[in-house]
Amino acid sequence: MSIAYGVAEIRAAVADGRVSAVDLCRQALTAIDRLNDKLHAFHTVAADRALDRAAAADSQRTRPDKPLLGVPIAVKDNLCTAGVTTTAGSRLLRDYVPPYDATVIQRLDRAGAIIVGKTNCDEFAMGSSTEHSAFGPTRNPWSPDRTPGGSSGGSAAAVAAGLVPLALGSDTGGSIRQPAALCGVIGLKPTYGRVSRYGLVAFASSLDQIGPFARSARDAALLLNVIAGHDPMDATTATVPVPDYAAALTGDLDGVRIGVPRHLLEEGVDPDVASAFESGLGLLIGAGATIVDVKLPHAAMGIPVYYLVAPAEASSNLARFDGVRYGARVPAPSVREMYERTREDGFGAEVKRRIMIGTYVLSAGYYDAYYLKAQQIRTLIRRDYDEAFAQVDLVAFPTSPTPAFRLGERTEDPMQMYLSDVFTVGAPLAGLPAISVPSGLTPSRLPVGLQLTARPFDEATLLRAADAVERRATWWRERPPIFAAS
Amino acid sequence: MADKLTRADVERIASLARLDLSDKELDLFVHQLGDILTHAERLQQVDTSGVAPTAHIAVPSALAPLREDQPVPSLDRDLVLSQAPDADRAKGLLKVPRVLGS
């Protein structure tokens, strides 16, 4: 039994005593040891903690209340882990050791999952390539001179390379779905309010959600079941009951209507992406789904709305990094100079850009023209989805307009990087759940993702559709050349 | 709508945001923030008269009872202070440079 298997198989093998949690943990640590220099998927490997927890797990192997017992998992480095460095990809937090665990971390521990380390990400989750990490970029397991996407690029690369079967990321404008697409794995951004953000280093609080990366829909379902649900520590979590997501994986899509906004795909989509998208739609039809045309008239405004709203919220959230309570400090004679030098030294270029944009659009005289206008168009974007979901159960379009781009290709031109997110900003602006499902490989063997968006709290249908594609796709079991586990 | 972003604008925003930007960064941001704001100009094409703004997504939590108004433990003070760049842990204080009269 190895970590290349599905989570249910691994869990069953642990229960039967065919494999120990310690052995599984060592497999993951060995794979990381061998490949992390090449990929830089992990920023911190918590080997001792993981082996201790795995040893404890082995004494509980038949406990029915531990659905992930012994399963190695990676978590994005913007999720607070008590006693384990949490940097959020920032120089300012390079030595920060949180005094508490995020709710999702507590839930993973309670479920018996073994956290093996913290994955690299764009600083404060701001970016689409992990190139904005203060600790250097992560590389795409399919093509190491290309980006894995971002901001949760380390988590996506870790799962794609077989270092772990599962990972957590966070998604604000596409930071789970876009790297999932570029690395050829499943990535799910849950509905706003589905998963507690307590202990997530906040970026844009009206958009941020935590969600799973996995190699199969079933694995993603099992992980979502562990992390979803109301949390008294996060007042934005919903009390909507959490269904058994794995039970939704029927293998068919009979009666499911899927809308495709063809008007969004007329330009700017790479031909290889368009072709993989069509073959993905073919599999959805083969599973029983009906495809209809829908319109999202304001979707083209998603990028400018997102790139005003998210920086505005970020400029406020990141005010807490002032060298007083945690993180690095640059000494200065007065408190004001201390703030200014600490932030100048601690933040990278992209974070400064977003703080600047956010501060500008919230400042006197510009609020109505930029921020209020963006919030009004956000309402129109939500209404477009409401109207679409009156006719269909899911909306489909590609996750990213291009396959993985080369490292360095977009770092000099921020606007070019932002346009990577054209298909992913809509779901968080509308608070909706969305999944990126592998949809084939380009002729040069780069993964392509198909994105599905659903009604609020209908993650079950997203996973059901992903599972239906997975069962029918001939390319699903293809792995990158450096895939670790065997 | 907005006039072209000037270097003085960028300096003013940096001051509001408590960022001690270098000359090189100021020059770069005049150009890059200008590009981003130019892209955002297209929002003005949309008629939003009478449209309410979305500031957050309302989450169905009507069933969530407020917890009892009872004190519960908070984070351990000494552990929290151990992460501060400068603190007097014995007295339970965070230390900062002079605030008044500087």
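This report walks through the domains of chain A, one of its helix pairs and its contact with chain B. The model is a predicted one, so please read it in that light.

**Two domains in chain A**

The domain assignment splits chain A into domain 1 (7-250 + 394-472) and domain 2 (299-386). Taken over C-alpha atoms, the centres of domain 1 and domain 2 of chain A are 25 Å apart. Where they meet, 30 residues of domain 1 of chain A are in contact with 27 residues of domain 2 of chain A. On the domain 1 side, α13 and α14 (426-430) of chain A each supply at least two residues, and α14(A) has the largest share, with three residues.

**A crossing pair of helices**

Helix α8 (residues 271-286) and helix α15 (residues 459-472) of chain A pack with their axes 9 Å apart, at an angle of about 100 degrees. The two helices, α8(A) and α15(A), are therefore roughly perpendicular to each other. From α8(A), the contact uses Gly280(A), Leu283(A), Leu284(A) and Gly286(A), while α15(A) brings Ala465(A), Ala468(A), Val469(A) and Arg472(A).

**Meeting chain B**

Across the chains, 60 residues of chain A are in contact with 48 residues of chain B. The elements giving two or more residues to this side of chain A include α9 (302-317), α10 (335-346) and α11 (349-362). The most comes from α12(A), with twelve residues.

Here is the make-up of these contacts by residue class:

| Contact | Nonpolar | Polar | Charged |
|---|---|---|---|
| Side of chain A that touches chain B | 34 residues | 15 residues | eleven residues |
| Side of domain 1 of chain A that touches domain 2 of chain A | 18 residues | eight residues | four residues |
| α8(A) with α15(A) | five residues | two residues | one residue |

Notes: Residues are numbered from 1 along each chain as its sequence is written. Chains are lettered from A and ligands numbered from 1 in the order in which they are written. This is a predicted model: local features need pLDDT of at least 70, side-chain atom pairs count only at pLDDT 80 or more; totals for chains, interfaces and linings use all residues. Two residues are in contact if their C-beta atoms, placed from the backbone, lie within 7 Å. Helices (H or I, at least four residues) and strands (E, at least two) are DSSP runs, numbered from the N terminus. Ala, Val, Leu, Ile, Met, Phe, Trp, Tyr, Cys and Pro count as nonpolar, Asp, Glu, Lys and Arg as charged, and the others, Gly among them, as polar. Axes are lines fitted to C-alpha atoms, for helices over the stretch in contact, and angles run from 0 to 180 degrees between N-to-C directions. Angles under 35 degrees count as roughly parallel, over 145 as roughly antiparallel, 65 to 115 as roughly perpendicular and the rest as oblique. Domain bounds come from an automatic or database domain assignment.
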